[in-house]
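Q: I'd like to learn how to read empty space and helix packing in a model. Can you take me through it?

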Amino acid sequence: MEQPKTSFASLIEKDREERTSQEWSGTFLEYLEKVRDNPEITKLAHARIYDMIMSKGVDLVGGADDPRLQRLFGDEPVKTYRFFSDEFFGMERTIQQFVRYFHSAALQGEESRQVLYLMGPVGSGKSSLVERLERGLEEAPPIYAIDGCPIREEPLHLIPRHLRREFEKMLNVRIDGDLCPICRWRLKEEFNGRYEEMPVRTVSISKRARRGIAVVPPVDPNNQDTSVLIGSEDISKLDRFSEGDPRVLDLNGAFDAGNRGIVEFIEVFKNETEYLHAILTATQEKFVPAPGRHGTVYVDECIVAHSNEAEWQKFKSDHTNEAILDRIVMIRVPYNLRLSEEVKIYSKILGKSGYRHHIAPHTLEVAAMFAILSRLAPTPKCDLMTKLRLYNGEEVVEKGRAKKIDVDELRDEAISEGMSGISTRFIVKAVDNALADSPDGITPIHIREALIAMVKGSEMPDDRRKHYLELLQDTIHKAYLEILEKEITRAFVYAYEEQAETLFQNYLDHAEAYINRTKVKDRNTREELQPDEAFLKSIEEQIAIIGTAAEGFRQEVIAYLWAATRRGEKVHYSSYEPLKDAIERKLTNSVRDISRIITKARTRDEDQREKYDQLVKNLLGNGYNSYSADVVLKYAANNLWKD
């Protein structure tokens, strides 16, 4: 059914009405009544940001109910915040720390007087986290401010200090801060001290208009000027006003622009140390010097800084910076180390691009494998590919047993893991290059070739280049061949899932009868039969379960699945990883010979042609197009099933 078209005029009018409904203006006295009715409107910047995050909702992931999530997060569920969930992947623990900072700062404790510093490699998401907060502030309801104030300060600053305790009781709020020099002059000269008549209005936060959000890039060390932070005096007004007159002030520095919101410092440690001391005053004392001889300006803002690890280590190694370090809350923002989440990152980025080319199944997965393998630290406990799978919450099976490696121990022994390696941008550029070179679409083969070319052409140490090429040309090549063989098996086997499920159910019936020393009742004829040991062995030998080990394996399978049934979980062929692996190998072996013959044959008889055409048709149904199906089948013919 075709959706009714919305006229441009009605869309514009609706938006205007919504924005107008949020606007308010009145006197300070009228504002006090609004505060009495709703004290929440006076919240400080950190508290408003925290409430903004929490307003979208919180979910708990992990716990004992989901084996994969339990492997990822343990028995204790991890909080995920919907405010970030659509844009950030594999960063649950980092975002938890991020939100915890704002929660503590919202309570006006010590962290409300400290710089939030994000440290991580390029492209790990530091800037994106801050940008998400900035967008959230722009979308949030407007704040109340003194009308005409250049820094949009809280109207409660108008209340004289000797009356604040009484007003705090009446309004049930805490009043901090002082009037800026300009508002102080206006109150005295324009309103004769009658602060109740001062005008108040709502003001929206805007990054582009520098209202409540300010961004400070690194400043040239040879030309550092604190006016970038605190503003300056407008010399064009000095012919009309004296130098001490507040009307000559131009409060347009970053601290002024970011008041009531966020000030973001990009690559903060590229600035000279002396330049950073102004940041300390703004966070610890909540004021900054006004330009010239005009006293100080109270600021209410969250100061967020970020840079890479090399700059942080260099800054931290200088003992003269201890005072600054003591006023910093540092949060590591490493690269994502989960394969499934890395694929989501690429999909999100490509979804925002102008490319509409076909991308074959597993293409982004292969690219993500390379990125994550490059970020992992080697360990004597397992190879890198096994570590990748463990970090992805997968159960790794070896000789019919799930590999018993504590993932938390792997993380603890590699504290800096994820702080180096291939960046997301590097991968996306490789995808862009592959898409540009192949207008018919790209496959895992295309992306691997593009990555090899980029690594060879990149400026990096020789040992690192050699390591990356080994990953691409050996580790990932082998991993993709395994994926490809399973993919072709699925395309060859009629109703793959049904056949896998049938094998699974039959195995359970016969294994349970074997363990309990009972007979199997045929599902069709209802005839009672002895358990078929030959059938059980044909499954188990796929994962090297032979001889005396078979009985133990059968007991483990039945015990695991009985426990899952008691928990109310739906049991299917992929429920127990070792058995799933065995069943998939059984199906693969059952069609391996015909797969090899049909894909490698230069000429095919009628029967082979029919099967090949059905294979291609099934691949098309699984997400390939004609071009990508042809590419992967030719690759399989040349690289799989070596004679």
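**Reading the cavity and the helix contacts**

Q: By class, what residues does the lining of the largest cavity have?
A: There are 10 nonpolar, no polar and no charged residues in that lining. Nonpolar covers Ala, Val, Leu, Ile, Met, Phe, Trp, Tyr, Cys and Pro, charged covers Asp, Glu, Lys and Arg, and the others, Gly among them, are polar. One caution: this is a predicted model, where local features need pLDDT of at least 70 and side-chain atom pairs 80 or more, while totals for chains, interfaces and linings use all residues. Residues are numbered from 1 along each chain as its sequence is written, and side-chain values use heavy atoms, without hydrogens or water.

Q: How many cavities of 30 Å³ or more does the structure hold?
A: Rolling a water-sized probe over the atoms shows where empty space is left. Here there is one cavity of 30 Å³ or more (on a 1 Å grid over the protein atoms alone, a set of points where a 1.4 Å probe fits but cannot get out; lining residues have an atom within 4 Å of a point). The largest cavity holds about 90 Å³ of space, a volume being what probe spheres set on the points fill, with points joined across faces, edges and corners.

Q: Which residues line the largest cavity?
A: Val115, Tyr117, Val268, Phe269, Leu276, Ile279, Leu280, Ala305, Ile324 and Ile328 do. β4 (115-119) and α12 (273-285) each supply at least two of them, and α12 gives the most, with three. Helices (H or I, at least four residues) and strands (E, at least two) are DSSP runs, numbered from the N terminus.

Q: At what angle do the axes of α22 and α23 cross?
A: Packed helices are described by the angle and distance between their axes. Axes are lines fitted to C-alpha atoms over the stretch in contact, and angles run from 0 to 180 degrees between N-to-C directions. Those of α22 (496-516) and α23 (533-540) come within 10 Å and cross at roughly 120°, so the two are oblique to each other (not under 35, over 145 or 65 to 115 degrees, the last being roughly perpendicular). Leu503, Asn506, Tyr507, His510, Ala511 and Tyr514 in α22 meet Glu533, Phe535, Leu536, Ile539 and Glu540 in α23, with heavy atoms within 4.5 Å counting as contact. By class, that contact has seven nonpolar, two polar and two charged residues.

Q: How far apart are the axes of α20 and α27?
A: α20 (444-457) and α27 (626-639) have axes 9 Å apart, at about 75°. That makes α20 roughly perpendicular to α27. Ile445, His446 and Arg448 of α20 touch Tyr627, Val631, Val632 and Tyr635 of α27; the split is five nonpolar, one polar and one charged.

Key
1 Å grid on protein atoms, 1.4 Å probe; cavity = no way out; pocket = protein on both sides within 12 Å on 5 of 7 lines; lining within 4 Å.
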